[in-house]
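Colleague: Please take one part of this model and go through it closely. Pick a spot where chain segments meet, and build outward from there.

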Amino acid sequence: MARLIIYEELEETETIYETFDLSVNRILIGSDDDNHLILVSPDIDLVHASLELRDEHWVLQDLGGPGGTAVNGAMIEGPFYLKHNDLIELAHIKMKFDDGSSPAEEEEEAEPEPAKPVRPRPPVDENPSGRLWFAKVALGTIAAILVIIALLAMAHYLGMIRIMDLLPS
């Protein structure tokens, strides 16, 4: 199972470690209590970033946090496909991405490669993004309203109802 290994350097002497298993397909990261991964820090936005499993690859997305999101020392814009041992930085909080493919004993590996932006893959219809889903719902709602208006107009034309009787007086 993929996971994040979270650490925060305090006073240059102490480091706090925590492991966060990526057990659901979409994880929100931020300081708000509604997030899956809550990072309490003034530098972390309420909803700072998201991690999403797409076609068996974890994708990190910055959601507009004040300090941005960096991978292997480079700021990211748009979706970024993570690789094993990528170093994620949100403000002063650092996380190492472990894709779960190698045993924990093999933690010590070479320095991670610098981040390279990756062109996002187009959304898959079975799992549409939030904006695409909203557009489909809005379009369906508008279509339903137009059908109801057309049926009311037809019933009025055929003399079955009077539209004026439906309006409040």
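**Alanine 49 and its surroundings**

Modeller: Alanine 49 has its place in strand S5. A strand here is a DSSP run of E, at least two residues, and a helix is a run of H or I, at least four, numbered from the N terminus. This is a predicted model, where local features need pLDDT of at least 70 and side-chain atom pairs pLDDT 80 or more, while totals for chains, interfaces and linings use all residues. Residues are numbered from 1 along each chain as its sequence is written, and side-chain values use heavy atoms, without hydrogens and water.

Is alanine 49 buried or exposed? Alanine 49 counts as buried because its relative accessibility is 0%. Buried means under 20%, exposed over 50%, partly exposed in between (1.4 Å probe, protein chains only).

What covers alanine 49? Setting aside neighbours within four places in sequence, its contacts (heavy atoms within 4.5 Å) fall in several stretches of the chain. Ile27, Leu28 and Ile29 are among them. So are Leu60, Gln61, Asp62 and Leu63. Thr69 and Leu90 complete the list. Leucine 63 is 14 residues from alanine 49 along the chain, yet their C-alpha atoms are separated by 4.8 Å.

Now the strand itself. S5 covers residues 49-54 and pairs with S6, residues 57-62. The pairing is antiparallel, over 6 bridges; DSSP must find at least two for a pair to count. Strands of a sheet pair through backbone hydrogen bonds, either parallel or antiparallel.

S5 and S6 make a hairpin, with 2 residues between them. Aspartate 55 sits in that turn and has a positive phi of about 50°. Leucine 53 stands opposite tryptophan 58 in S6. Glutamate 52 faces valine 59, again in S6.

Valine 59 also leads onward. Tyrosine 81 in S9 stands opposite valine 59. S9 covers residues 80-81 and runs antiparallel to S6, with 2 bridges joining the two strands.

Next, aspartate 62. Aspartate 62 is placed in S6. Its relative accessibility is 19%, so aspartate 62 counts as buried. Which residue does its side chain meet in a polar contact? The partner is the side chain of threonine 69, at 2.6 Å. Such a contact is a pair of N or O atoms within 3.5 Å; within protein, one must be able to donate a hydrogen and the other to accept it, and sequence-adjacent residues count only if both are side-chain atoms.

Not counting residues up to four places away, aspartate 62 touches His48, Ala49, Gly68, Thr69 and Ile76. Thr69 thus links back to the starting point: alanine 49 is in contact with Thr69, and aspartate 62 touches Thr69.

Step back to the sheet. It is open, holds 5 strands and follows the order S4-S3-S5-S6-S9, with mixed pairing. S4 (37-38) and S9 stand at the edges with a single partner strand each, so one side of each is left without a neighbour in the sheet.

Finally, the whole chain. Its secondary structure comes to 2 helices and 11 strands. Along the sequence the pattern reads β-β-β-β-β-β-β-β-β-β-β-α-α. Of the 169 residues, 29% are buried. Among contacts with a separation of 6 or more, 36% join residues 24 or more positions apart.
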